[in-house]
Amino acid sequence: MNSGEAQVREIADSYTPLVKATACRYQGRGADYEDLVQEGYLALLLLIPKCPDMKWLAHFLKNNLPGIVRDAAARMRRGRAQGDEVLLEEIEETVGTEEERYREAELREMLFRLLSPEELDLTQALIEGFTQREIAETLGISQQAVAARLRKIRDKLKEVITEI
């Protein structure tokens, strides 16, 4: 095992509680707990390299892992369904997911147009649940500076939102 594999394994092991808690939350929705734990570990292996900045890995995984496990449970439920029977809740999940993805893509596009890369990073950290103080410590600036930057971001977004 090379050092890269060892590092990924170490990271995956450290997120075992998140994987198990997520699997527990979605068990009984078409899949067994153990199957969902395995799906969670596979999702970790896929998500870790996709994290844009490793300092935000915990929040990145917390926000992305549940959706993948939920989708796996739905996929397993569909696999167990008999014949061509399509459950109404599966259709609702699919429609809701597509609408959410479309709205999310629109929002991301608007944010990329309006905000600088630094402002995007700050916004992402805030969305992921970091406090202003934690963001300030990470960036090496004061909490007041973070608050001022967030005010500027809010002002930019207010202008666009009021136009819509």
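Buried, in what follows, means a relative accessible area under 20%. With that cut-off, the buried residues of helix H6 (117-127) can be listed: Glu119, Leu120, Leu122, Thr123 and Ala125. The model is a predicted one.

Start with the overall fold. The protein chain holds eight helices and zero strands. Read from the N terminus, the order of elements is α-α-α-α-α-α-α-α. The chain has 164 residues, and 32% of them count as buried. Its exposed surface comes to about 11200 Å², with 53% of that supplied by carbon and sulfur atoms. Now take the contacts with a separation of 6 or more. Of these, 60% join residues 24 or more positions apart.

Next, the interior. The largest nonpolar core has 21 residues. Those touching the most other members are Tyr15, Leu36, Leu44, Leu57, Leu61 and Leu65. Helix H1 (3-14), helix H2 (16-26), H3 and H4 each put at least two residues into this core. H4 contributes the most, with seven residues. Apart from this core lies another, of 15 residues. Its members include Leu120, Ala125, Phe130 and Ile135. Leu120 and Ala125 are also among the buried residues of H6.

Look closer at Leu65. Not counting residues up to four places away in sequence, Leu65 touches Leu18, Val19, Thr22, Gly40, Ala43, Leu44 and Leu47. Follow the last of these partners. Leu47 lies in helix H3. Leu47 counts as buried, at 7% relative accessibility. Beyond its neighbours within four places in sequence, Leu47 is in contact with Phe60, Leu61, Asn64, Leu65 and Ile68. Between Leu47 and Phe60 the C-alpha distance is 8.4 Å, and the two are 13 residues apart along the chain.

Two of Leu65's partners, Val19 and Thr22, lead to H2. Which residues of H2 are buried? They are Thr16, Val19, Thr22, Ala23 and Tyr26. These residues cover an arc of only 135° around the axis, so they sit on the same side of H2. The spacing follows a general rule. An α-helix has 3.6 residues a turn, so residues three or four places apart point the same way. After H2 comes Gly28, whose phi is positive, near 85°.

Glycine with a positive phi turns up again after H6. Just after H6, Gly129 has a positive phi of about 100°. Gly129 is also one of the contacts of His59. Leaving aside neighbours within four places in sequence, His59 is in contact with Glu128, Gly129 and Phe130. His59 is found in helix H4. Is His59 buried or exposed? His59 is buried, with a relative accessible area of 18%.

Phe130 has an aromatic partner too. The structure has one aromatic pair. Trp56 and Phe130 form this pair, and its geometry is edge-to-face: 4.2 Å centre to centre, with 80° between the planes. What does the pair tie together? Trp56 lies in the loop between helix H3 (33-47) and helix H4 (57-80), while Phe130 lies in the loop between helix H6 (117-127) and helix H7 (132-139), so the pair ties together parts that are 74 residues apart in sequence. Both rings belong to buried residues. Trp56 has 12% relative accessibility. Phe130 has a relative accessible area of 14%.

At the other end of H6, look at Ser116. This residue is found in the loop between helix H5 (88-114) and H6. At 25% relative accessibility, Ser116 counts as partly exposed, because the buried class ends at 20%. Ser116 and Ile153 are 37 residues apart in sequence, and their C-alpha atoms are 9.6 Å apart in space.

Finally, the cysteines. How many disulfides does a search of the whole structure find? The search finds zero disulfides. Cys24 counts as partly exposed, at 43% relative accessibility. Cys51, in contrast, counts as buried, at 9% relative accessibility.

Terms used. Residues numbered from 1 in each chain as written. Predicted model: local features only at pLDDT ≥ 70, side-chain atom pairs only at ≥ 80, totals over all residues. Heavy atoms only, no water. Phe/Tyr/Trp six-rings, centres within 6.5 Å; stacked < 30°, edge-to-face > 60°. Helix = DSSP H or I, 4+ residues; strand = E, 2+ residues; numbered from the N terminus. Buried < 20%, exposed > 50% of the residue type's maximum accessible area, 1.4 Å probe, protein only. Core = buried A, V, L, I, M, F, W, Y, C linked by side-chain atoms within 4.5 Å. Contact = heavy atoms within 4.5 Å. Disulfide = S-S within 2.5 Å. Areas by Shrake-Rupley, 256 points an atom, 1.4 Å probe, with all protein chains shown as cover. Arc of directions from axis to C-beta.
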